[in-house]
Every structure is written in C-alpha cells, then in structure tokens.
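Let's take a look at this one together, starting with the cysteines and then moving from the inside to the surface.

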Amino acid sequence: MVSEQLPVTCLNVEYLGDAVFTSKIQDLASKYKFMRRTRPDGNCFFRAFAYAYLEHLISNKADYEQFRQLAENSKDKLVQLGFPSFTLED
C-alpha cells in the first residue's frame, strides 16, 4: 500500500511535454530527496501521514517514547468510553 522510496524525478516520465508540471517536479526535487506512492483508495492521505510519522519515530527516541505513552494511555480511556478491552489489546 506504500511503495519503496522513489526519486521525485520519476514523475517526469508521467508528465513528458508538460512544461508546467516539469518545472514543478524540478522544484520538488530540489527540496525533497525521494517520494513514496500510496494506493489511491480514499485513505491515501492518512496512510501516507501515518507511514511518514512512523518512519520519523524510528529515528527519534524521545518522540517514540512520547507516542508510546500516549497510545498506552489511550487504551484505558477507550475502555472507559465503552470499547471492549479485548479488541484494544490486539
């Protein structure tokens, strides 16, 4: 659902002959090293955001600990709101 890292310039093939898009691709390539494609199924933004955030957490221990604590505490809150605990433990 999320591709491997691709160079931003791979978009040039899709927009051959379109000067406007080609210049925008070059601008993006000057700011970003790579991109990832996601399955365009209506959840692509959320999937891309979550994937990028999880990649960030891999290299940032402080943010990882903060996220882990938040996720751990949210389980108790969801149980208080009426969600069955056995569905949250998985």
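A residue counts as buried under 20% relative accessible area, exposed over 50%, and partly exposed in between. Keep in mind that this is a predicted model.

By that yardstick, Cys-10 is partly exposed, because its relative accessible area is 24%. Cys-44 is partly exposed too, since its relative accessibility is 28%. So do they pair up? A disulfide needs two cysteine sulfur atoms within 2.5 Å, and the count here comes to zero. For Cys-10, the nearest cysteine sulfur belongs to Cys-44 and sits 16 Å away. Seen from the other end, Cys-44 is in no disulfide either, with the sulfur of Cys-10 as its nearest at 16 Å.

Here are the residues with a computed accessibility, side by side:

| Residue | Relative accessibility | Class |
|---|---|---|
| Cys-10 | 24% | partly exposed |
| Cys-44 | 28% | partly exposed |
| Phe-45 | 58% | exposed |

Now for the inside. Leu-6, Val-8, Leu-11, Ile-25 and Met-35 make up the largest nonpolar core, five residues in total. Val-8 has plenty of company beyond its neighbours within four places in sequence: its contacts there include Ile-25 and Met-35, along with Leu-28, Ala-29, Tyr-32, Lys-33 and Phe-34. In soluble globular proteins, nonpolar side chains tend to be buried together.

The surface has a nonpolar side as well. Phe-45, Phe-46, Phe-49, Tyr-53, Leu-54 and Phe-67 form a patch with about 660 Å² of accessible area together. Helix α2, residues 44-58, is the main contributor to this patch, giving five residues. Phe-45 lies in that helix, α2, and it counts as exposed because its relative accessibility is 58%.

Definitions and conventions
Residues are numbered from 1 along each chain as its sequence is written. This is a predicted model: local features need pLDDT of at least 70, side-chain atom pairs count only at pLDDT 80 or more; totals for chains, interfaces and linings use all residues. Side-chain values use heavy atoms; hydrogens and water are left out. Patches are made of residues with over 30% relative accessible area and no salt bridge: like charges are joined within 9 Å, nonpolar side chains (Val, Leu, Ile, Met, Phe, Trp, Tyr) within 5 Å. Accessible areas come from the Shrake-Rupley method with a 1.4 Å probe; for residues, only the protein chains shown count as cover. A salt bridge is a side-chain nitrogen of Lys or Arg within 4 Å of a carboxyl oxygen of Asp or Glu. Helices (H or I, at least four residues) and strands (E, at least two) are DSSP runs, numbered from the N terminus. Buried means under 20% relative accessible area, exposed over 50%, partly exposed in between (1.4 Å probe, protein chains only). A nonpolar core is a set of buried Ala, Val, Leu, Ile, Met, Phe, Trp, Tyr and Cys residues joined through side-chain atoms within 4.5 Å. Contact means heavy atoms within 4.5 Å.
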